Amino acid sequence: MNKVYNNRAWLLVLPMLILVAFSAIIPLMTVVNYSVQDVLGPNASFFTGTEWFKTMLNDEALQAAFLRQISFSLIILAIQIPLGIGIALIMPKRGWQASAVLILITLPLLIPWNVVGSIWQIFTRGDIGLMGWGLRELGIEYNITRNAGDAWVTIILMDVWHWTPLVAMLCYSGLRSIPEAYYQAARIDRASKWAIFRYIQLPKLTNVLVIAVLLRFMHSFMIYAEPFVLTGGGPGSATTFLSQSLTTMAVGQQDLGPSAAFSLIYFLVILLVSWVFYTTIMNMQKDKPPHGGA
């Protein structure tokens, strides 16, 4: 007997498809169009092919910004993922303490990105900032406007303070989803805390960690407001990341063709690295031998 399907149900999806088309697909096609043209004015442009892509890939300033960007993202992941897991492991599981900790730990996430940069800019000032004043009183020379190392350390600390709670919350939700029977079996086997973490908690956190790694990589690789407000990309170009270079090119210089090509390269790099992270983590999970007990 042939089944009859009612395709009118697709009409329910139509509003979302239209929204996605106007918010993502059409702007993307516009960028692709600009990336292969030299735009001289509203009605003046000519086809350049892949010339802008070659120019962007050979630009030494953008290559340096890319190295700074990927270094920053890798440092952020290396700090925030283990730190977020550690915080989640020590957070209370029940009672009013758990609710209080959840509220406190999410407060940094509620602060807008540009305000975070302003907070840390004031915090690190030597005259009125608590951190800057404290370091000065300890005899430590600290100035984010003149020392590239100080600027980098401050941006990393700022991002860790702002976004580690997100990783901790994701890991906490993953830990809370583990059935109590697993822990009961571990107690019967007299498993150590490390064995419980290694063979019960960490494997169950794999899917959550994939989400955490992808979210934190994508955001850290596209970071703009916080370092721009804090250091303005300085001293010199020490903290000028790809997003700032793209903004300067597209908005400041109005170079639509090169900036469109640059944004597409930027987009493809994010997709490629995210795919590498995802496949690596999932393959590591598949390659783990089954373990019968802790």
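In this predicted model, helix α3 and helix α10 (residues 206-221) make a good place to start: their axes come within 9 Å and cross at roughly 145°. The crossing of α3 past α10 is right-handed. On the α3 side, the residues that meet α10 are Phe66, Gln69, Ile70, Phe72, Ser73, Ile76, Leu77, Gln80, Ile81 and Ile85. Their partners in α10 are Leu209, Ala212, Val213, Arg216, Phe217, Ser220 and Phe221.

**Phe221 and the cores**

Phe221 is worth a closer look. Not counting residues up to four places away in sequence, Phe221 touches Phe66, Gln69, Ile70 and Ser73, together with Leu242, Tyr266, Val269 and Ile270. Phe221 also belongs to the largest nonpolar core, a group of 42 residues. Within that core, the residues with the most contacts are Met56, Ile81, Phe221 and Phe262. There is a second, separate core of 17 residues, and its members include Ile76, Tyr142, Ile223 and Phe241.

**Aromatic residues**

Phe221 turns up again among the rings, where one aromatic cluster is formed by Phe66, Phe217, Phe221, Phe262, Tyr266 and Phe277. How many aromatic pairs does the model hold? The count comes to 13. One of these joins Phe72 and Trp152 edge-to-face, with 6.3 Å centre to centre and 65° between the planes. This pair links distant parts of the chain, since Phe72 sits in helix α3 (residues 60-90) and Trp152 in helix α7 (residues 148-176), 80 residues apart. Are the two partners buried or exposed? Phe72 is buried, with a relative accessible area of 0%. Trp152 counts as buried as well, at 18% relative accessibility, because the cut-off for buried is under 20%.

**Ser35 and Ile119**

Ser35 lies in helix α1 (residues 14-35). Its relative accessible area is 1%, so Ser35 is buried. Which residues surround Ser35, leaving aside neighbours within four places in sequence? Ser35 is in contact with Thr48, Gly49, Trp52 and Phe53, and also with Gly257, Ala260, Ala261 and Leu264. One of these partners, Gly49, is 14 residues from Ser35 along the chain, and the two C-alpha atoms are separated by 8.1 Å.

Ile119 belongs to helix α5 (residues 113-123). With a relative accessible area of 36%, Ile119 is partly exposed. From C-alpha to C-alpha, Ile119 and Gly129 are 9.4 Å apart in space, and 10 residues separate them in sequence.

**Loops with backbone features**

Now for some backbone geometry. Most residues other than glycine have a negative phi, and most peptide bonds are trans. Arg190 has a positive phi of about 55° although it is not a glycine. Arg190 is placed in the loop between α8 (180-188) and α9 (193-204), and at 77% relative accessibility it counts as exposed. Gln254 also has a positive phi, near 60°, and is a residue other than glycine. The loop that holds Gln254 runs between α12 and α13 (256-287), and Gln254 is exposed, with a relative accessible area of 52%.

Where does the chain have a cis peptide bond? Such a bond joins Gly234 and Pro235, with omega about 0°. Pro235 lies in the loop between α11 (225-231) and α12 (242-252).

**Annotated spans**

The unreviewed UniProt entry gives a "transmembrane region" annotation to residues 12-36, 66-89, 101-123, 151-175, 196-218 and 259-278. It also lists residues 66-277 as "domain: ABC transmembrane type-1". The table sets out what the model shows for some of the annotated spans.

| Residues | Helix | Strand | Distance between end C-alpha atoms |
|---|---|---|---|
| 196-218 | 96% | 0% | 31 Å |
| 259-278 | 100% | 0% | 28 Å |
| 66-277 | 76% | 0% | 18 Å |

For the domain span, residues 66-277, the end C-alpha atoms are thus listed at 18 Å apart. Residues 259-278 are 100% helix, and residues 196-218 are 96% helix.

Terms used. Residues numbered from 1 in each chain as written. Predicted model: local features only at pLDDT ≥ 70, side-chain atom pairs only at ≥ 80, totals over all residues. Heavy atoms only, no water. Core = buried A, V, L, I, M, F, W, Y, C linked by side-chain atoms within 4.5 Å. Buried < 20%, exposed > 50% of the residue type's maximum accessible area, 1.4 Å probe, protein only. Contact = heavy atoms within 4.5 Å. Helix = DSSP H or I, 4+ residues; strand = E, 2+ residues; numbered from the N terminus. Phe/Tyr/Trp six-rings, centres within 6.5 Å; stacked < 30°, edge-to-face > 60°. UniProt positions renumbered as here; feature names shortened; annotations may be inferred. Axes fitted to C-alpha atoms, helices over the stretch in contact; angles between N-to-C directions. Left-handed = near helix turned anticlockwise from the far one by under 90°.
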